[in-house]
Each structure stands twice: as C-alpha cells, then as structure tokens.
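Let's take a walk through this model, sheet by sheet and helix by helix. Have a look at the fold before reading on.

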Amino acid sequence: MDCDTSSEYCGEYIRNSDIFIRFGEPYPAFQCVSCKGDFLEFDFSNNRIKIRVTGPEITDFVKSENEQFIKAGIGIRIYLKIPGFSDDVLQNIESIIEKKIGDLISEIKGVSHENLRDEIVIKIRKAEVENGLSFEKIGYCLSKLILRDYQYVDFVYTEIITDQISVNKELEIVKRIYEKRDKAAKMLRDENVSKFYLCKMCQNATPEHVCIITPDRPSVCGTIHWQEAQAFETVDPFGSISGFEKGEILNEKSGEYSGINETMKTETKGKIKKLSLYSLYENPHTTGASVNIIAFAIPELNGFGIIDRQTDFPTVNGLTFENLKASVSGGIQIPGFMGIGEPYLYSPNFFKKEGGWRNVVWISSKLKEKVIDKTENREIAEIIKTIPTENDVADIYELKKYYKFDEREIKEIYTEKPENMKKMKIEFLSIPIIENYENESKKQNIRKIKIPNVKITIKK
Ligand code: SF4
C-alpha cells in the first residue's frame, strides 16, 4: 500500500506535459478535517488507519483525445480520533491539521497540492500513475503522515471522493463547516484577550516568515483563527504555534502592541523591530508562501487595491496575482504590499490606519461578490459595491477617470496620504523582461507599468 514519500518532494513542480490528472478549478475540490464522527461505525481491524475511495480509482479516469490531461473535482474528508481533549479544543484544531494536508500530500512523489479549504488544486504525474499510484495509496500515505506528525491522534479515517455527484453534495456540507468556524471566530476582539499567537508553520517554504494571529487579525493564509491557535498550543505545546503576552497597546489606530514588537524582535533576530496589525504602510505584517489575497498600494489615488488568487487578469497597475505574490511572499515588510487572509476582510480593524474599506479603490470582481455576500456590516457592503473591478476599469488612467480624480471630485479619505507612501521601495518585483517591448506588448496585451513614488529595481 505504501508510496514513495519524502519532504524533498514538497514544492516539486509538475509540468503540464507530465500531468495525468488535475483536480480543482474550474471543478469543485476541497479538503476538510473533522474530529467528530462515530468511530464505532468504522472497522479498523486492529489498524489505526482506514481508507475509503468513493468513486472511480485513478486509472478509471480516461483522457479524451483533445485533452492535454484529465480535469476533475475531488473531495478529501479526514476524520480523526483524538482522545483526552474537550470538544471545544478538538473543534479548533481541525483546521490546523487541515492546513497541513497540503504539505503532507506534497511529500508523496509525483503529487502536488496548492491552496486550502474548497480552493485546492492537486496534480498527479503520469509516471507515478503508471507505477501503480492510486487514490487508495494516496489516502493511506496521507493518513500515515498524519500519525507521524500528530502523535496524539489515535485513529485516522480518510475518504477520497472522486464521484462528481458526491463531490458536489459533500462540498455543500463542508462549506457549512468552514462558515461555522469563521462565525465562531468573529465573537472575540483583540481587546478581550491577553495573549496573541505566533505561527511559524510556513518557515519550511519562507524561513523568515512569522505570522501574528489575533482575534481581529487572523492568519495570512486565512485559515488559522485565534481560537484555533490557542487550541493548537494546548495539544502541542512545542509545535509551530505559540502564545505570548500582547503587552501594552502603543498605537490604537495602527494596532501596535509592545508584546508583538518584543516577540518580532526575538523571532527575527532583530530584523523586524515593530509590527502594526491594522496598517498596510506602517510597520506592516509580512507575507509567507501561503497566500490567497493580496492588498497593494495604488499611490496615484492614495488608495489601495485587493486581488484574489482566482483572478487571472492583471490589476490596474498591470501586475497579475502571481507577479504580486512573487514580490511579497518573502517574509519581509513591504509598506503598501501585503498578503491577507479572507477573514481579515471582515474584521472591524481591517486596515484601520488607512481608513479600511473607504480607502480601497479597486477590487477583483470575484472577491467583490464574495465579500458583499458574506459581510454582515451592510454599511461596508454598500461601500464595497461602489469599488470598481477589472470589468469597470482596465488601468490607472481609467481608474482615475472612474473617480473623477483629476476634477478633484474625490472622496474625502483620499486626501489623507499614507505616511509611508513616499518611502516605498520594491526591490524584488519579478516582472518579465521583454526585449522587444513594442511588438510583444501588442501581441500579449501587456500594458506599461507606471507607479509614481515607487522605485522599482528589476533584477535581470
Ligand atoms: S500563513 Fe501564517 S498562520 Fe498560516 S500556516 Fe503560514 S505561518 Fe502559519
């Protein structure tokens, strides 16, 4: 049943021409870990692992002639039996272990995994399928790796769902689970707790990156809330998440706390001395490799934009999500550019220092719909409805026109220029160097990038 696993396979790139099957967008694909479940109904037969594949096995999928590789949906449901902890604690560690599924699956040779929750993308290489890799084996290896990394887990029941009708049905169930988790997390506020948490789980991919997790500012990856961080520390006190005293509040508007500054100084060996929770420009939070949403400065309008991973279009400054991700996800502070988790979009302290949603001047259309639908603050929803997307404006020139910027009919908030705006300096933007710009730009529909006040140093 075993397959070839090693941490060296993590981050392995699988070329399109080598893919046998790709799960995920545009088809539904999700992962969900649950610590509830009636384990009596599962026959473990003296084993700690049980696997079930609901739907066709890997080799039952057949490629049609005009397909480069097969595309389909998938569901991964994992039930864990963890004795000795209360339901509250168990409920909160589910999403932490769920977050690790990607890293663990990527340890299997020939399998790559990206993203979280119902946005996962899994690619499986042809060569490994030819060598006998199956969903059953993937489920078994994943379960074994969970038992290796989480020694307090007694039993693992893994179900891999490949039947497309069942995937759709289960997706509705897991979406309610995600919503319940997010809702529970909104009950607390930063001022109600004495401890914040730091997470170093992404350091294998981004060695310098440390996330600060507070009730009002959940993690950059968007999946670890304060309560979950607290539960994780309870079950694994020497793990990658640990708590610290938040200390005194030094600046209410930017969210600067003495405890965070001291912790960051220690954790980054003095490289980061100050960090503000609610500011995009002033001592901003850093970004690691796990990021689905990016906020970026639009200095021409003294505002900022927000783009999500699902958007392929370039933003108004000509950069795509992937361009921005390559630039921000190095674990260092870049005023004006930052990865954020989706739950932070609903926080009352969302970029409070810069005026929050009133200072957002562009947003990708899918994210706009999602946030309007999910936000409980109707006043904020009305503001978001007025923000242009890629369907309204193509570039900065059109964005300025949209806001009648040159006629000075601008919103009051744009008159406040963020303090660090002039100091912005991006040193490692990865923009493709185009030798024959004029011809290539016409062919590839590439726009010129002009960002005043920003010095861009492109390393060839
Ligand atoms: S993004 Fe942050 S919170 Fe999420 S796993 Fe990485 S370090 Fe932890």
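Does N302 count as buried or exposed? N302 counts as buried, with 21 C-beta neighbours inside 10 Å. The yardstick is simple: 20 or more other C-beta atoms within 10 Å of a residue's own make it buried, 12 or fewer make it exposed, and anything in between is partly exposed, with the C-beta atoms placed from the backbone.

Before going further, two bits of housekeeping. This is a predicted model, so local features need pLDDT of at least 70 and side-chain atom pairs count only at pLDDT 80 or more, while totals for chains, interfaces and linings use all residues. Residues are numbered from 1 along each chain as its sequence is written.

Back to N302, then. It has a positive phi of about 50 degrees although it is not a glycine, and it lies in the loop between β14 (293-298) and β15 (303-308). Strands here are DSSP runs of E with at least two residues, helices are runs of H or I with at least four, and both are numbered from the N terminus. Most residues other than glycine have a negative phi, and most peptide bonds are trans. N115 also has a positive phi without being a glycine, at about 70 degrees. You'll find N115 in the loop between β6 (111-114) and β7 (121-125), where it is partly exposed, with 19 other C-beta atoms within 10 Å. For a peptide bond to check, go to the one from E25 to P26: it is cis, with omega near 10 degrees. P26 is found in the loop between β1 (19-23) and β2 (29-34).

Now for the sheets. Strands of a sheet pair through backbone hydrogen bonds, either parallel or antiparallel. Here two strands pair if DSSP finds at least two bridges between them. One open sheet has four strands in the order β2-β5-β8-β3, with mixed pairing. β2 and β3 (49-54) stand at its edges with a single partner strand each, so one side of each is left without a neighbour in the sheet. Neighbouring strands of this sheet are turned by 10 degrees against each other on average, direction ignored; angles are taken between N-to-C directions and run from 0 to 180 degrees, with axes as lines fitted to C-alpha atoms, for helices over the stretch in contact.

Follow the pairing from β2: six bridges join it to β5, and the two run parallel. S34 stands opposite Y79 in β5. Five of the six residues of β2 are buried, so the strand is largely enclosed by the rest of the structure. At the other edge, β3 is joined by six bridges to β8 (residues 155-161), again in parallel, and R52 stands opposite E159 in β8.

What packs on this sheet? Helix α4 (residues 164-185) does, touching β2, β3, β5 and β8, and its direction makes about 50 degrees with that of β5. Contact here means that the C-beta atoms of two residues, placed from the backbone, lie within 7 Å. Helix α1 (residues 87-105) lies across β2 and β5 (74-81), running at about 140 degrees to β2.

There is another open sheet of four strands, in the order β4-β1-β7-β6, also with mixed pairing. Its edge strands are β4 (70-72) and β6, each pairing on one side only. The twist averages 15 degrees from one strand to the next. β1 and β7 pair in the antiparallel sense over four bridges, and in β7 the bridge partner of I21 is I124. In the segment before β1 sits S6, which is exposed, with 10 other C-beta atoms within 10 Å. S6 and E107 are 101 residues apart in sequence, yet 5.0 Å apart in space, C-alpha to C-alpha.

Further along the chain, try helix α8 (residues 365-374), whose buried residues are L367, K368 and V371. They cover an arc of only 105 degrees around the axis, which puts them on the same side of α8; the arc is that of the directions from the helix axis to the C-beta atoms. What covers these residues includes β14, β15, β17 (360-363) and α9 (378-385).

Finally, the ligand. Its surrounding residues include K99, C199, C202, H209, C211 and C221, where a residue is near if its C-beta atom, placed from the backbone, lies within 6 Å.
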